Structure formats: C-alpha cells, structure tokens
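Here is a short tour of one protein model, written for someone who likes to keep the structure open while reading. Have a look first, and then we can walk through its pockets, strands, cysteines and loops together.

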Amino acid sequence: MTPFDWNFPTKLSYGPGRIQEVGKIAAEYGKKVMIATYEKGSPLDPVIETVEASLRDAGLEVVVFTGIEPNPRAQTIDRAIEVFIKEECDLVVALGGGSVIDGSKYISATAFSGGKCWDYVVLGDRVPREYTGAFPIISIPTISAAGSETNAGGVIQNAETNEKSFSRSPY
C-alpha cells in the first residue's frame with residue numbers, strides 16, 4: 001500500500017432531533033449567522049424555519065440567503081459572499097445537499113480570504129489563488145449521500161464561461 005496522510009477535522013453530530021441543537025452549537029462560533037440554502041418554496045421550508053428558530057432562540061442574529069442552485073453558480077455564490085460581508089456574519093449554516101454545502105464552503109473561505117470564488121478553482125494550467133482562512137461552517141445535509149459535509153473540497157460552475165471545476169483547502 002502507498003503511504004499517505006489523512007486529515008479529517010470534521011465534527012459530526014448525528015441523531016433524531018439534533019437539528020434543535022444548531023443554535024447552541026452555532027453560538028460557540030459567533031453572534032451572526034448566514035443560513036445558506038436553496039430557493040424557498042420547497043418541502044425544505046419547514047426545516048429552514050426550524051433552523052432559524054433554533055438560532056434565534058440561542059440569541060443569534062440570522063441572515064437567510066436562498067437561491068443556491070444545484071451545481072452552484074459562481075455568480076450566485078459571489079452574491080452570497082457580498083451579503084455575508086455586508087451583514088458582518090461570523091459563520092455559515094449550510095442547509096441542503098452537496099451543492100449548498102459546496103457553495104457554503106466557497107462563501108466561508110472567500111469571504112475570509114478575499115476576491116471572487118472563481119479565483120480559487122483549479123482549472124487547467126491556471127494557478128488558483130490560495131485561501132488564507134475561512135469562517136466556521138455548520139453543514140446540515142438534507143440528503144443522505146452528499147458527503148460534502150465531510151471533505152475539504154467544493155465544486156462550482158461559472159455560468160459566464162460554461163466551465164465547472166473545484167477547489168480544496170484545509171480551511
């Protein structure tokens with residue numbers, strides 16, 4: 001077997017009813033939270049309301065950013081980053097599947113490190129910008145097979161150039 005190193009710094013909290021604890025968990029990381037999720041008007045709406053209530057009950061301010069699409073677009077994520085920075089959020093709660101979680105990774109790391117999210121993708125011979133850190137992320141997966149909540153990478157697409165790529169970072 002080829003030697004390798006593995007870093008898995010993700011804390012997992014699992015079990016029925018645990019979503020009620022998100023406010024308590026988030027309060028350890030800041031005072032103002034962005035919930036990043038899909039467009040409202042879906043069966044996920046009651047879950048968004050439950051998460052928002054838990055955060056508010058813990059004394060946190062909440063900003064909800066809806067509209068992250070499947071295969072998140074860099075342009076959408078850049079709008080979320082602008083809101084995150086303008087609202088002076090301290091952390092992101094990603095509520096959705098792999099696309100929302102990947103988009104939230106870009107929100108967190110790009111808001112911290114500066115620039116646009118597409119600056120950080122690996123694409124051909126281009127040298128991607130390096131992240132300098134990231135704001136905390138709490139991921140609440142709404143599907144069982146995403147896996148994005150447990151890794152350090154994210155996939156994003158650029159609707160203007162019709163390209164899709166990824167970035168990865170220990171942050």
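## The largest pocket

Several elements share the work of lining the largest pocket: helix 1 (22-26), helix 4 (98-113), strand 4 (137-141), strand 5 (153-158) and strand 6 (163-168) each supply at least two residues. Strand 4 gives the most, with five residues in the lining. Please keep in mind that this is a predicted model.

How many residues line the largest pocket in total? The count is 44, and T10, K11, I137, S139 and E149 lie nearest the centre of the pocket. The volume of the largest pocket is about 1,400 Å³. Sorted by class, its lining holds 23 nonpolar, 15 polar and six charged residues.

## The second largest pocket

Next comes the second largest pocket, with a volume of about 160 Å³. Its lining is made up of Y120, V122, P128, R129, E130, Y131, S167, R168, S169, P170 and Y171. Of these, six are nonpolar, two are polar and three are charged.

## Two parallel strands and a crossover

Now turn to strand 1 (residues 32-37) and strand 2 (residues 61-65), which run parallel and are joined by five bridges. If you would like a landmark in this pairing, find A36, which stands opposite F65 in strand 2. Between the two strands the chain passes through helix 2 (residues 45-57), and the resulting β-α-β crossover is right-handed.

The loop that leads from helix 2 to strand 2 contains G59. Is G59 buried or exposed? With a relative accessible area of 58%, G59 is exposed, because the cut-off for that class is over 50%. For a sense of distance, G59 and I143 are 84 residues apart in sequence, and their C-alpha atoms are 28 Å apart in space.

## Cysteines without a disulfide

A disulfide is a covalent bond between the sulfur atoms of two cysteines. How many disulfides does this model have? The count comes to zero. C89 takes part in no disulfide, and the nearest cysteine sulfur, which belongs to C117, is 17 Å away.

Why is C117 left unbonded? The closest cysteine sulfur to that of C117 is in C89, and at 17 Å it is too far for a bond, since a disulfide needs the two sulfur atoms within 2.5 Å. Both cysteines are also classed by accessibility: C89 has 4% relative accessibility and counts as buried, while C117 is buried with a relative accessible area of 0%. The cut-off for buried is under 20%.

## Loop residues with positive phi

Two loop residues deserve a look at their backbone angles. E88 has a phi near 55°, a positive value in a residue other than glycine. You will find E88 in the loop between helix 3 (74-86) and strand 3 (91-96). Its relative accessibility is 63%, so E88 counts as exposed.

Where does N162 lie? N162 is in the loop between strand 5 and strand 6. Although N162 is not a glycine, its phi is positive, at about 55°. N162 counts as exposed because its relative accessibility is 73%. The strands on either side of this loop, strand 5 and strand 6, are also among the elements that each supply at least two residues to the lining of the largest pocket.

Terms used: Residues numbered from 1 in each chain as written. Predicted model: local features only at pLDDT ≥ 70, side-chain atom pairs only at ≥ 80, totals over all residues. Heavy atoms only, no water. Pairing = 2+ DSSP bridges. Helix = DSSP H or I, 4+ residues; strand = E, 2+ residues; numbered from the N terminus. Right-handed = clockwise from strand over helix to strand, strands pointing away. 1 Å grid on protein atoms, 1.4 Å probe; cavity = no way out; pocket = protein on both sides within 12 Å on 5 of 7 lines; lining within 4 Å. Points joined across faces, edges and corners; volume = space filled by probe spheres on them. Nonpolar A, V, L, I, M, F, W, Y, C, P; charged D, E, K, R; others polar. Buried < 20%, exposed > 50% of the residue type's maximum accessible area, 1.4 Å probe, protein only.
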